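Good morning, everyone, and thank you for making time for this. Please bring up the structure on your screens, and I will walk you through it step by step.

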Amino acid sequence: MDKHIPPNFWKGQVLEILTPDEEFYFTQILEYEPSLLVKQPVNKESLPMTIESSMPVTVYFQDHQKEIYSFDTMIFQLQSKKFVLKKPSIHSLKKAERRRYFRILVAVNMSITIQSEYPFINEDTLHTNTYDISGGGLSFLHPTKPVEVGMSVHGKLFLVKDGKHHEISFKGKAVKPLRLGNGMYKISLQFVDMEESKRSEIIRFCMYKQIELRNKLKGAVTD
């Protein structure tokens with residue numbers, strides 16, 4: 001890593017936290033000086049992270065140069081129910097592995113067709129919105145469980161970026177359909193046999209949405 005590039009943090013920036021138990025949680029930065037004050041981290045099922053005193057974690061983040069980095073640090077829960085991450089030094093930042101995909105919470109119009117293993121059974125097409133998305137897959141919420149683990153789907157994502165519409169077709173496999181506390185199911189799909197050009201477009205879209213969110217939050221602060 002170039003020693004002259006400082007760590008890039010901003011209000012509203014999404015962070016992904018890996019615990020010692022290999023569980024992932026998501027949070028956003030509220031303040032970035034002198035330490036990183038963040039929202040209470042939650043997992044994919046929106047369950048809050050249980051934080052022990054001076055708990056070691058690994059944090060993943062995307063900087064202004066659209067690169068993904070990680071650093072090892074400690075997370076603290078203050079008496080005011082605020083959560084703090086010890087800010088890393090520039091020398092402690094590590095470039096994340098290429099196959100690690102940055103996930104962002106965003107509603108994207110999509111349709112999926114559930115593949116039936118029986119040729120005489122009609123395929124069902126579902127129109128919905130994503131709950132989150134990354135270069136490796138996506139998830140969506142549904143009142144029923146339309147797929148089981150391992151089932152295959154064909155789908156289309158309808159991305160809107162800078163006023164332009166982009167349609168991306170994909171193949172996916174269902175992983176871990178989970179029932180949430182509100183009775184809804186969270187269905188996760190892993191992309192299968194995806195062309196790298198399509199994956200890159202999804203990743204660029206995720207970066208675009210994160211920057212868009214950062215600019216909105218910055219504008220709200222200055223108004």
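Let me start with a question: which residue in S10 is the bridge partner of Asn109? The model we are looking at is a predicted one, and in it the partner of Asn109 is Asn129. That pair belongs to strand S9, residues 109-114, and S10, which run antiparallel to each other and are joined over six bridges.

Now let us widen the view to the sheet, where eight strands are arranged in the order S8-S11-S12-S15-S14-S13-S9-S10, with antiparallel pairing, and the sheet stays open. Its edges are strand S8, residues 104-105, and strand S10, residues 124-129, each of which pairs on one side only. For the protein as a whole, the count is one helix and 15 strands.

Next, the interior. The largest nonpolar core has 25 residues, and those touching the most other members are Ile133, Leu138, Phe140, Leu157, Phe170, Leu189 and Ile202. Among the elements that give two or more residues to this core are S9, strand S14 and helix H1, which covers residues 196-222, while S15 gives the most, with four residues.

If you would like one residue to follow, please select Phe170, which, leaving aside residues up to four places away in sequence, touches several others, including Met110, Leu138, Leu157 and Leu189. A second core, separate from this one, has 19 residues, among them Ile17, Leu36, Val59 and Leu93.

Finally, for the overall picture, buried residues make up 42% of the 223 residues, and the protein exposes about 12,900 Å², of which carbon and sulfur atoms supply 50%.

How values were computed. Residues are numbered from 1 along each chain as its sequence is written. This is a predicted model: local features need pLDDT of at least 70, side-chain atom pairs count only at pLDDT 80 or more; totals for chains, interfaces and linings use all residues. Side-chain values use heavy atoms; hydrogens and water are left out. Two strands pair if DSSP finds at least two bridges between them. A nonpolar core is a set of buried Ala, Val, Leu, Ile, Met, Phe, Trp, Tyr and Cys residues joined through side-chain atoms within 4.5 Å. Buried means under 20% relative accessible area, exposed over 50%, partly exposed in between (1.4 Å probe, protein chains only). Contact means heavy atoms within 4.5 Å. Accessible areas come from the Shrake-Rupley method with a 1.4 Å probe; for residues, only the protein chains shown count as cover.
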